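Biologist: I would like to learn how to read a structure feature by feature. Can we take one and work through it together?

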Amino acid sequence: MAARPHRVRRTAALALLAALVLPALGCGDQPQNIPEVTGKFGSRPEVAMPTDPPPKEARMKVLAEGDGPVTRKGQVIVTDVDMRIWESGRPLMDTYRLEQPTTAVLDGQHVSRTWDQALLGRKAGSRVLLVSPATHGFGPGGMAPAQVTPSDHMVLVFDVIGGYDPRAHAAGAGKWPASGGFPSVSVKSPGDEPVIADFGAAPEKVGVRTLAEGKGPVLEPGSTVVMQYTGAVWGTKTPFSSTYQRSGPNGFVMKDAAMLPGWYEALAGKRVGSRILVTAPDDARPGFTHTKGALGMPKDKAAAYVIDILDTRRR
């Protein structure tokens, strides 16, 4: 049975998020004038809109407090998010269905400044509700976000997976020579992007080489895994996909169809804090679909990845 198409759609999602420039959170409305949200952290929330009119100002509420480290300024936040319109309930973004958490860069350019107040200072594992009039989501040119009208209101539910330094890493600098069919890997300084080189014959099956052994929790199927990674087409040094060249750590769900070809097999049983080298053949996943602009493995190409496993959290 062919696997489902790869469903990483980060580019389009972040383009929508970049348009949502909301005001500071208000407190002039009654607390009950917000949606009712049910469901556990990591599960797709059920959102019921009240019969009263939506609030005039942005409102935020911590629905459940987590038990992990507190997010800090300067970090990037890996989070699941359900975004919809108050009036119609129409979804605008749903990382739960995509099985692909998003990375929020809190710099006022990628996502709203209101996200700072909703996401900073939150413990990992927290669920947070944010409500705001859509008129405050208009950009500098007065343009509304796609699919949103001036009379709409936005409802967002976040599940905060964690906050991470943009250059977070699981292991320091080092050199690992080519061996056993694996290419070489070198990291000049801690936090630098690994360089993959000295390729031999293309792999015929998925391979994994542990470069540094972590001591953290073991990755479990269905959990969210936070990582830094770089990937190169076999025989080339220039990465085709790299968290180091974007915003920093990304989150992935430990399911075969939610990951790049070869990753699920390679990550199964590994511990947080590990650095691994993964090799994937050109036919690592039958039925895999590559989408231009998405974070994916080039179609019909063998590839090599260096992955630093930073964190994991059950969904």
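The dialogue below goes from the whole chain to single residues.

Biologist: Where do we start?

Modeller: With the origin of the coordinates. This is a predicted model. Then comes the inventory of secondary structure.

Biologist: How many helices and strands does the protein chain have?

Modeller: The chain holds 4 helices and 17 strands.

Biologist: What share of the residues is buried?

Modeller: A residue is called buried when its relative accessible area is under 20%. Here 52% of the 315 residues are buried. The surface is the other side of that reading. About 13,900 Å² is exposed by the protein chain, with 53% of that area supplied by carbon and sulfur atoms.

Biologist: How do I read the contacts along the chain?

Modeller: Look at sequence separation. Take the contacts with a separation of 6 or more: 77% of them join residues 24 or more positions apart.

Biologist: Let us try a single residue. Is Arg 84 buried or exposed?

Modeller: The test is the 20% cut-off. Arg 84 has a relative accessible area of 9%, so it is buried. It sits in strand S4, which covers residues 76-85.

Biologist: Which side chain does the side chain of Arg 84 meet in a polar contact?

Modeller: That of Asp 82, at 2.8 Å.

Biologist: And which residues does Arg 84 touch beyond its neighbours within four places in sequence?

Modeller: Several stretches of sequence contribute. Among them are Arg 44, Pro 45, Val 47 and Met 49. Others include Gly 89, Arg 90, Pro 91 and Leu 92. His 153, Met 154 and Val 155 are in contact with Arg 84 too.

Biologist: Now a loop residue. Where is Asp 165?

Modeller: In the loop between strand S8 (153-164) and strand S9 (174-176). Its relative accessibility is 44%, so Asp 165 counts as partly exposed.

Biologist: Which backbone atom does the side chain of Asp 165 reach?

Modeller: The backbone nitrogen of Arg 167, at 2.7 Å. Asp 165 also touches Gln 75, Gln 228 and Pro 249, leaving out residues up to four places away in sequence.

Biologist: How do I compare distance in sequence with distance in space?

Modeller: Put the two numbers side by side. Asp 165 and Ile 77 are 88 residues apart in sequence, yet their C-alpha atoms are 9.0 Å apart. Glu 57 and Pro 133 give another pair: 76 residues apart in sequence, with 6.6 Å from C-alpha to C-alpha. Glu 57 is in the loop between strand S2 (46-48) and strand S3 (59-64). Its relative accessible area of 40% makes Glu 57 partly exposed.

Biologist: Is there a strand residue to set beside those?

Modeller: Take Leu 211 in strand S12. Leu 211 and Ala 171 are 40 residues apart in sequence and 8.8 Å apart between C-alpha atoms. Leu 211 counts as buried because its relative accessibility is 10%. Setting aside neighbours within four places, its contacts are Trp 176, Val 185, Arg 275, Ile 276 and Leu 277.

Biologist: What about Asn 250: buried or exposed?

Modeller: Buried, with a relative accessible area of 1%. Asn 250 belongs to strand S15, residues 250-253. Its side chain reaches the backbone oxygen of Gly 248 at 3.2 Å.

Biologist: Next, backbone angles. Which sign of phi does Glu 99 have?

Modeller: Positive, about 55 degrees, although Glu 99 is not a glycine. The residue lies in the loop between helix H2 (95-98) and strand S6 (102-105). At 10% relative accessibility, Glu 99 is buried.

Biologist: And Asp 198?

Modeller: Asp 198 also has a positive phi of about 55 degrees, and it is not a glycine. Its loop runs between strand S11 (195-197) and strand S12 (207-212). Asp 198 is exposed, at a relative accessible area of 55%.

Biologist: Last, the empty spaces. How many cavities of 30 Å³ or more are found?

Modeller: A search of the whole structure gives 3. The second largest has a volume of about 30 Å³.

Biologist: Which residues line the second largest cavity?

Modeller: Phe 41, Gly 42, Asp 80, Ile 161, Thr 224, Arg 313, Arg 314 and Arg 315. By class, that lining has 2 nonpolar, 2 polar and 4 charged residues.

Technical notes:
Residues numbered from 1 in each chain as written. Predicted model: local features only at pLDDT ≥ 70, side-chain atom pairs only at ≥ 80, totals over all residues. Heavy atoms only, no water. Helix = DSSP H or I, 4+ residues; strand = E, 2+ residues; numbered from the N terminus. Buried < 20%, exposed > 50% of the residue type's maximum accessible area, 1.4 Å probe, protein only. Contact = heavy atoms within 4.5 Å. Areas by Shrake-Rupley, 256 points an atom, 1.4 Å probe, with all protein chains shown as cover. Polar contact = N/O pair within 3.5 Å; in protein donor to acceptor, adjacent residues only side chain to side chain. 1 Å grid on protein atoms, 1.4 Å probe; cavity = no way out; pocket = protein on both sides within 12 Å on 5 of 7 lines; lining within 4 Å. Points joined across faces, edges and corners; volume = space filled by probe spheres on them. Nonpolar A, V, L, I, M, F, W, Y, C, P; charged D, E, K, R; others polar.
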